[in-house]
Amino acid sequence: MDSPPDTDAPDTPDVGIPPLLARRMSMAEQYEYLRARLTRRRALVTAGALAGGGLLSGCSSGPGTAAANPATSKVPGSAVKPFGRHLAFGADPKTQMRISWQVPFAVRKPYIRVGPTPGDLSRRIEAELRPLHTPGVTGVRLDLDQYYVHAALDGLRPGTTYYYGVGHEGFDPASSAHRATLATFRTAPATAPASFVFTAFGDQGVTQDALANDKVLLRQNPAFHLHAGDICYADGTGHGEKSDGYDPTAWDLFLKQTETVARSVPWMVTTGNHDMEAWYSPNGYGGQSARWSLPDNGFDARNTPGAYSFVYGNVGVVALDANDVSYEIPANLGHSDGRQTAWLDRRLAELRASDAVDFVVVFFHHCAYSTTSAHASDGGVRDAWLPLFDKHQVDLVINGHNHVYERTDALKGGRVGRRIPVGASTDPTRDGTVYVTAGGAGQSLYSFPYGVKDSYEGKVTDRESVETYHWTKSQDRHEDTVEWSRVRYTGYSFLSVEATAGVPGTAPLLKVSALAQSGQRIDHFEVRRG
């Protein structure tokens, strides 16, 4: 992402870290280095914010940054229009939903209205305002305060469609003037449905291609969507550094872009390297905690919000923060001190022991297996988590990071357990796990190694091996010759997965498809157990 335009802000301190120094510091060390140099500055708000449709952002502050005081807002509530609605499940998708949105100015008494019909929104629930302050940088950007709002809905009925509206003092979504802002969501059914669809991708950003992907995705009518990190690219470096080019207003544009889908489809995100925003907290996750309300059933929701789990129908889903184990980008390497991996082991065992769960899907950002020239594979992910995926027979792993679509054969112990060409079927209890890189959500695309052609449905160009590499703990590239790269596509795309419950005489099934931005199918395969 390009840096924001130069701005005349003589009273704003230059708080950048020299790039070479930043590369040698962890996220927490950068934070401590800069904290003493950050001083609170008056938030500068222009009259053009309202004229711009509410796109002047506002975000919640992490430790050591000054937050705007919501009580000081002089803008009347009737003039402030909410935007950027996005849903997420709570820990129990059958009874819990989290509704989040943004307002361009601080508001008083935010709330939601919810009910069974547009004319019956009798249930009113208070919401939490989370202001987020971004310090300015001389000649680059002014101080900025953004405002995110969150409401927790518990005690909902399973398998039920609800209407809702978001509001605050002076803005009632149930009024005739604002009735058009109402939206709907649906809770997970009490028992596994005959079938349902979920979608997934990573590396989205704010682009026309991202918007086009969202439109095709919405037509799949997904029960939920998995976002494998690198959500918005407000941080353009992706190294966990306090870059002067950081542009927090990109979040306003992103949430506005995504609202058409995320206001009705739970948008379950995890953390990519571009989501480590060093301006807000020692581990860089203060911004994520301000903008998203995710299930809090991971090992440490406060410090690692991108690690959590939920069950929908017969599918157990686990989200992980791969920054914790990445050898390629080590800014947060080891920040959980092994607790995330220990929790993963426990959680996978619990899901496998559940009679209600047929399939286990894990998603995170950095790739376990990819052959692109840009990032390839992360040895840290392999060392920490692949033994657990084998141990618990994980059915499907979804990654982003590499801006392409790539799919492996079934792998066990790092080796091909079974070749899975387009249209084939695999049994994880026998063959191993299939790994999918679904990083073609909207950011600029990557390429495969020189001479390695795309190979996808309708255009298969099989080859026995690919020359690639993986990242080592010393941050070196270890050259590899691999045989597991089965499907490759250098276009915008996303994953669509249909889960089918088993009936007497028929095993449960995951039908996994990859769709191009045009809607054309570029890959499909099946996962059957036992």
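Visitor: Why does R407 count as buried?
Guide: Buried means a relative accessible area under 20%, exposed means over 50%, and partly exposed is in between, using a 1.4 Å probe on protein chains only. R407 has 0% relative accessibility, so it counts as buried. A word on what you are looking at: this is a predicted model, in which local features need pLDDT of at least 70 and side-chain atom pairs count only at pLDDT 80 or more, while totals for chains, interfaces and linings use all residues. Residues are numbered from 1 along each chain as its sequence is written, and side-chain values use heavy atoms, with hydrogens and water left out.

Visitor: What makes D523 and R407 a salt bridge?
Guide: The term asks for a side-chain nitrogen of Lys or Arg within 4 Å of a carboxyl oxygen of Asp or Glu. In this pair the closest N and O atoms are 3.0 Å apart, which fits. The partners come from distant parts of the chain, 116 residues apart: R407 sits in strand β17 (residues 405-412) and D523 in strand β26 (residues 521-528). Strands here are DSSP runs of E with at least two residues, helices are runs of H or I with at least four, and both are numbered from the N terminus. D523 is also called buried, because its relative accessible area is 0%.

Visitor: How do you know that R418 and D431 form a salt bridge?
Guide: Their closest N and O atoms are 4.0 Å apart, and the cut-off is within 4 Å, so the pair is counted. R418 has a relative accessible area of 38% and is therefore partly exposed, whereas D431 is buried because its value is 3%.

Visitor: Why is E457 called buried or partly exposed?
Guide: With 19% relative accessibility, E457 counts as buried, since the limit is under 20%. Its salt-bridge partner is R521, with the closest N and O atoms 2.8 Å apart. R521, at 37%, counts as partly exposed.

Visitor: How many salt bridges does a search of the whole structure find?
Guide: The search finds 20. Some share partners, joining D409, R419, D462 and R486 into one network.

Visitor: What makes the link between T408 and Y435 a polar contact?
Guide: A polar contact is a pair of N or O atoms within 3.5 Å; within protein, one must be able to donate a hydrogen and the other to accept it, and residues adjacent in sequence count only if both atoms are side-chain atoms. Here a polar atom of the T408 side chain lies 3.0 Å from the backbone nitrogen of Y435. T408 is in strand β17, and its 0% relative accessibility is why it counts as buried. Contact means heavy atoms within 4.5 Å; not counting residues up to four places away in sequence, T408 touches Y369, T433, V434, Y435, W484 and R486.

Visitor: How do you know what span to expect for helix α8?
Guide: The expected span is 1.5 Å times one less than the number of residues. Helix α8 (residues 379-391) has 13 residues and reaches 18 Å from its first C-alpha to its last, close to the expected 18 Å.

Visitor: Where in α8 does the kink lie?
Guide: The kink, about 45°, is at W385, shortly before the proline P387. The bend at a residue is the angle between axes fitted to the seven residues ending there and the seven starting there. W385 is also one of the buried residues of α8.
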